Amino acid sequence: MPEIRNLTYGESFIYKGLINVKELYALIDKWFKDHGYEKNELWNFEEVYEDGKQITLKIEPYRKISDYAKITIRMTVHLRKLQEVVVEKKDLKLKLMKGDARFVFDTFIVTDYEGHWETKPFYFFVKTIAEKFLYKSYIDRYEEVLLRDKEMIKRELKSFLNMQRF
Amino acid sequence: MSFEEPVMAPLDIRYKGIYDLDGIYKLMRQWFDDRKYDFMENLYKDKVASPFGNEVEHNMTPEILVNDFIKFHIQVITKFYDYKDFEAEIGGEKKMVSDGRFFIKLSATIEFDYQNRFKTPFQKKLLFFLIKTLLVRYYEFKYYDKLTYDLYDLQAKLKKFIKMESEYNAY
């Protein structure tokens, strides 16, 4: 079993208003690709109800920083009560969605994800010692990278949704 | 001794609304034919489950021989609940469409040594050592990644066909 170090859990923001869902999804997918993350889509649900469309998306893109550790951002997107609206912008008619959106971010570092250091008790002991003392600064450096990446994607989404940014 | 390794966590698509069941089936079939997969269908079930509609289930296990040593397996499990056919006018044209909810689960495995050439215990250990330790990166780059992104391609095509909002695939 790999060891998972949780950095942030349940960080979220909520938005209510006009959303271009197709472009939102494209932005998320493209952003993770451009920043060297591997695609890992866990859920992709889309349901049409009487009060509108409901979309649930759970993605867990990861970036391998070495053979030993990888950084992961788990992002859950809940889009509720989405109704199609036509908006006129610069003499152009755009089809957009109106509804509620909730974005949840969890970040974690997974070490020994291939499970090489857990086959024997001695290996496990060596791994723990190495992680606590020898390898600590190396892993800590990637904590900063992960948190920065999470803030960047959050800022990108807020900018896309035209939200207030601080 | 052949052994199979999963390449990724299963991909899950769930949808509720109006769709085209025949189209989904044909699209998947065409995708496998284009890539020269040997198409196999373990299960095709259509039963009248409730007054709300039928329950249609497919289980497909296409596979392809990559070389003398490696074989790709893909498993597609689809289940359509409350499946009902009705005629609708789409773009001024009358067309048969379906209503209901469904899920499609895509998963893939790689089978090593499918010809069972490594038979003795020593050979088995050697095989395991080669694949899991010595050549692990080579296999990851050459085969695991290819199969993973092939599966994402199929998923994206399905999403595009169903006209889901998340049809985009950057990879």
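# A guided tour from Glu4(B) to the pockets

Begin by selecting Glu4(B) in this predicted model: setting aside neighbours within four places in sequence, Glu4(B) is in contact with His73(B), Thr109(B), Ile110(B) and Glu111(B). Display the side chains of Glu4(B) and Thr109(B), which are joined by a polar contact of 2.9 Å. Glu4(B) itself belongs to strand 1 of chain B. Its relative accessibility is 43%, so Glu4(B) counts as partly exposed. Next, mark the C-alpha atoms of Glu4(B) and His73(B): these residues are 69 apart in sequence, yet 9.0 Å separates them in space.

His73(B) leads to the next stop. Select Glu63(B), whose contacts beyond four places in sequence are Tyr37(B), Asp38(B), Met40(B), Lys71(B), Phe72(B) and His73(B). Glu63(B) is found in strand 5 of chain B, which covers residues 63–65. Is Glu63(B) buried or exposed? Because its relative accessibility is 17%, Glu63(B) counts as buried; the cut-off for that class is under 20%. Show the side chain of Lys71(B) as well, since the side chain of Glu63(B) makes a polar contact with it at 3.5 Å.

Now select the whole of chain B and colour it by secondary structure. Three helices and seven strands appear, and from the N terminus their order is β-β-α-β-β-β-β-β-α-α. The C-alpha trace of chain B spans about 65 × 35 × 25 Å along its principal axes. Chain B has 171 residues, and 44% of them count as buried. Of the contacts in chain B between residues at least 6 apart in sequence, 66% join residues at least 24 apart. With a surface display switched on, chain B exposes about 9200 Å², of which carbon and sulfur atoms supply 54%.

Turn to chain A and select Asn6(A), which sits in strand 1 of that chain, residues 3–19. Asn6(A) counts as partly exposed because its relative accessibility is 43%. Apart from neighbours within four places in sequence, Asn6(A) is in contact with Thr107(A) and Phe108(A). A distance drawn between the C-alpha atoms of Asn6(A) and Leu146(A) reads 11 Å, although the two are 140 residues apart along the chain.

The tour now moves to the pockets. Rolling a probe the size of a water molecule over the atoms shows where empty space is left. The largest pocket has a volume of about 1400 Å³. Its lining comprises 40 residues, and to find its centre, select those closest to it: Lys64(A), Lys70(A), Tyr113(A), Glu114(A) and Glu140(B). Elements giving two or more residues to this lining include strand 5 (69–89) and strand 6 (92–111) of chain A, and helix 2 (121–134) and helix 3 (136–162) of chain B. Which element gives the most to the lining of the largest pocket? Helix 3 of chain B does, with 10 residues. Coloured by class, the lining of the largest pocket shows 19 nonpolar, eight polar and 13 charged residues.

For the last stop, select Tyr15(B), Ile18(B), Phe161(B), Ile162(B) and Lys163(B), which lie nearest the centre of the second largest pocket among the 23 residues that line it. Elements of both chains give two or more residues to this lining, including helix 1 (21–34) of chain A and strand 2 (11–19) of chain B. The second largest pocket holds about 640 Å³ of space. Its lining residues divide into 13 nonpolar, two polar and eight charged.

Note on methods:
Residues numbered from 1 in each chain as written. Chains lettered and ligands numbered in written order. Predicted model: local features only at pLDDT ≥ 70, side-chain atom pairs only at ≥ 80, totals over all residues. Heavy atoms only, no water. 1 Å grid on protein atoms, 1.4 Å probe; cavity = no way out; pocket = protein on both sides within 12 Å on 5 of 7 lines; lining within 4 Å. Points joined across faces, edges and corners; volume = space filled by probe spheres on them. Helix = DSSP H or I, 4+ residues; strand = E, 2+ residues; numbered from the N terminus. Nonpolar A, V, L, I, M, F, W, Y, C, P; charged D, E, K, R; others polar. Buried < 20%, exposed > 50% of the residue type's maximum accessible area, 1.4 Å probe, protein only. Polar contact = N/O pair within 3.5 Å; in protein donor to acceptor, adjacent residues only side chain to side chain. Contact = heavy atoms within 4.5 Å. Areas by Shrake-Rupley, 256 points an atom, 1.4 Å probe, with all protein chains shown as cover.
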